[in-house]
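Here is a quick tour of a few local features worth a look, from the cysteines to one helix and some backbone oddities. Have the viewer open as you read.

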Amino acid sequence: MLSDIEIAQQAKMKKITEIADEIGISQEDIEPYGHYKAKLSENVFEKLKNKKDGKLVLVTAVNPTPAGEGKTTISIGLGQAMNKIGKKAVIALREPSLGPVFGIKGGAAGGGYSQVVPMEDINLHFTGDMHAITSANNLMCAMLDNHIQQGNEQNIDQRQILVKRCLDMNDRALRNIVCSLGGKLNGIPREDHFCITVASEVMAILCLASDIFDLKERLGNILVAYRYDGSPVYCRDIKANGAMSVLLKDAIKPNLVQTLENTPVIMHGGPFANIAHGCNSVRATKIALKLGDYAITEAGFGSDLGAEKFMDIKCRFANLAPDCVVLVTTIRSMKYNGEVAKEELTKENLEALEKGSVNLAAHIDNLRNFGVNVVVAINHFYADTDAEVEFVKNFCKKLDVPCAVAKSFAEGGEGGKELAEKVVEACEKENSFHQIYPLDMDVYEKIRLIAREVYGAAGVHFPKPIRAKIDAFVKLGADKIPVCIAKTQYSLIDNPNELGRPQGIKITITDVNLSNGAGFLVCQAGNIMTMPGLSKNPAAYNIDIDENGNTVGLF
């Protein structure tokens, strides 16, 4: 059996000019990065602004497990399958982060015969967007420290600096550091921190900005620190947002690539869904809607994280409304939620499947809370038995949810045709999409509502110091913005060990930060790392260059 990289290296890619031409974009309106990837120029947005939008399809999933669910693979396979049944589809995805690529999770270009190519480029440096975001973020931090060093005109309290430097790599040694040691010429010593680039507010801003001017304004609104008198200092106060915008003027342009079957893919932005809003850029999704009859996009991790934030944050800011949501599940994930050990997941176990089905039911209920049409996709694996597949189909039938088996990994677009047909049917049905809370709802009530309606939690505990931070942010205007809850992806609540559908458990808010430029309040539930670390045996051990100069070991 070929590995993902071996399949990708055998792909027959079309020149990116051909892909652009097939979706009505002229060569003058793309900025090629080699032969097989390109940036879309600003002219594309202007030329397409009056074109009617296609249907918007969101792909989400159940809670991820160590066995993997394949949400990106299904997204890509669905896009390929749409074209197999005569529908014009454009896929809109997030860019991979180097952290997972060299860590344990892997890349974000799909798998098997449902991949985005050139896979190696995409999973590594791509068009440099991640590096531009890293540079812009760290320029802000450098200018903040320099401002303090050069007289501190803003009276910034170095004990209350809120922004972190970032790096697109897993590096636990940088989580908590002390900087500016070595004497007066090296600055004012202080405690500092790093987060991974995809968890930075600059990443979130890039993904939510409507254009370069909106980007500049949002960057200026970043809350960077407090003064000694307790008043806020914003990025614009240290005069950093203009230069940051210049660093991001190319990064804000969406990237055009293709699948193994030459289906067009717009890949742009990459925030994590457990610690950020977890969706590709607004600009990428909107341009995909103009270019295809169907725009297929995804939101990170399960419906409790990426999909909730897609609905309540991205759709609200961008005035979007999904016509259908695909909920990806696997036989393996359901058995895992039925308390089957990872090494036993390939064995038929209908009893465990039934026990773990409560997790799938919870995610179906979550999505129905938003008034959207749902289609369940069973991502098929080789060990799935006919009896197990039939159980899931019957389970979905009892819940009155359309269900299709997807063999996108093994068969590409051909293996997703059943799913594509059911998605087309679902998109034609009426829905009553809505956010689950209004913006003018009390902040505490927003958090409680998400915990109750999406996580199934019995309540929320707000420790006294957390309440003080929330109240301070409310005074700065955080009472009229969405809430972005950062929590583990492995459970519906804030404890990764609580599988299935936990009941009667309270979650605890452990930290709060205001992403003022992005436009949401980040509330951390449980123990969340914004700078991951490498495992004992990271994927980087297997990645190398062979004697012919080819990349090997990249999945």
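## Cysteines, a helix and a few odd torsions

Going by the sulfur–sulfur distance cut-off of 2.5 Å, the disulfide count comes to zero. Cys166 is in no disulfide, and the nearest cysteine sulfur to it belongs to Cys195, 5.4 Å away. Keep in mind that this is a predicted model.

What about Cys396, and which cysteine has the sulfur closest to it? That would be Cys403, with the two sulfurs 4.0 Å apart, which is too far for a bond. A disulfide is a covalent bond between the sulfur atoms of two cysteines. As for surroundings, Cys166 is buried at a relative accessible area of 1%, and Cys396 is buried too, at 0%.

Now to helix H19, which runs over residues 464–475. H19 has twelve residues and spans 17 Å from its first C-alpha to its last, close to the 16 Å expected at 1.5 Å a residue. Which residues of H19 are buried? They are Ile466, Ile470 and Phe473. These residues sit on the same side of H19 because they cover an arc of only 65 degrees around the axis.

What covers that buried set? The list includes strand S11 (223–227), helix H18 (443–453) and two further strands, S21 (506–515) and S22 (520–525). Flip to the face of H19 turned away from the buried side and you find the exposed residues Lys464, Pro465 and Lys475. After H19 comes Gly477, with a positive phi near 110 degrees.

Glycine isn't needed for a positive phi here: Lys239 has one, and so does Asn262. The table puts the two side by side.

| Residue | Phi | Loop | Relative accessible area |
|---|---|---|---|
| Lys239 | about 60 degrees | between strand S12 (232–234) and helix H10 (241–247) | 69%, exposed |
| Asn262 | near 70 degrees | between strand S13 (255–259) and strand S14 (264–267) | 17%, buried |

So is Asn262 buried or exposed? Asn262 counts as buried because its 17% relative accessibility falls under the 20% cut-off. Lys239, at 69%, is exposed, since the cut-off there is over 50%.

One last backbone item is a cis peptide bond. The bond from Val117 to Pro118 is cis, with omega near 5 degrees. Where does Pro118 lie? Look in the loop between strand S6 (114–117) and helix H6 (119–123).

Methods. Residues are numbered from 1 along each chain as its sequence is written. This is a predicted model: local features need pLDDT of at least 70, side-chain atom pairs count only at pLDDT 80 or more; totals for chains, interfaces and linings use all residues. Side-chain values use heavy atoms; hydrogens and water are left out. Helices (H or I, at least four residues) and strands (E, at least two) are DSSP runs, numbered from the N terminus. The expected span of a helix is 1.5 Å times one less than its number of residues. Buried means under 20% relative accessible area, exposed over 50%, partly exposed in between (1.4 Å probe, protein chains only). The arc is that of the directions from the helix axis to the C-beta atoms. Contact means heavy atoms within 4.5 Å.
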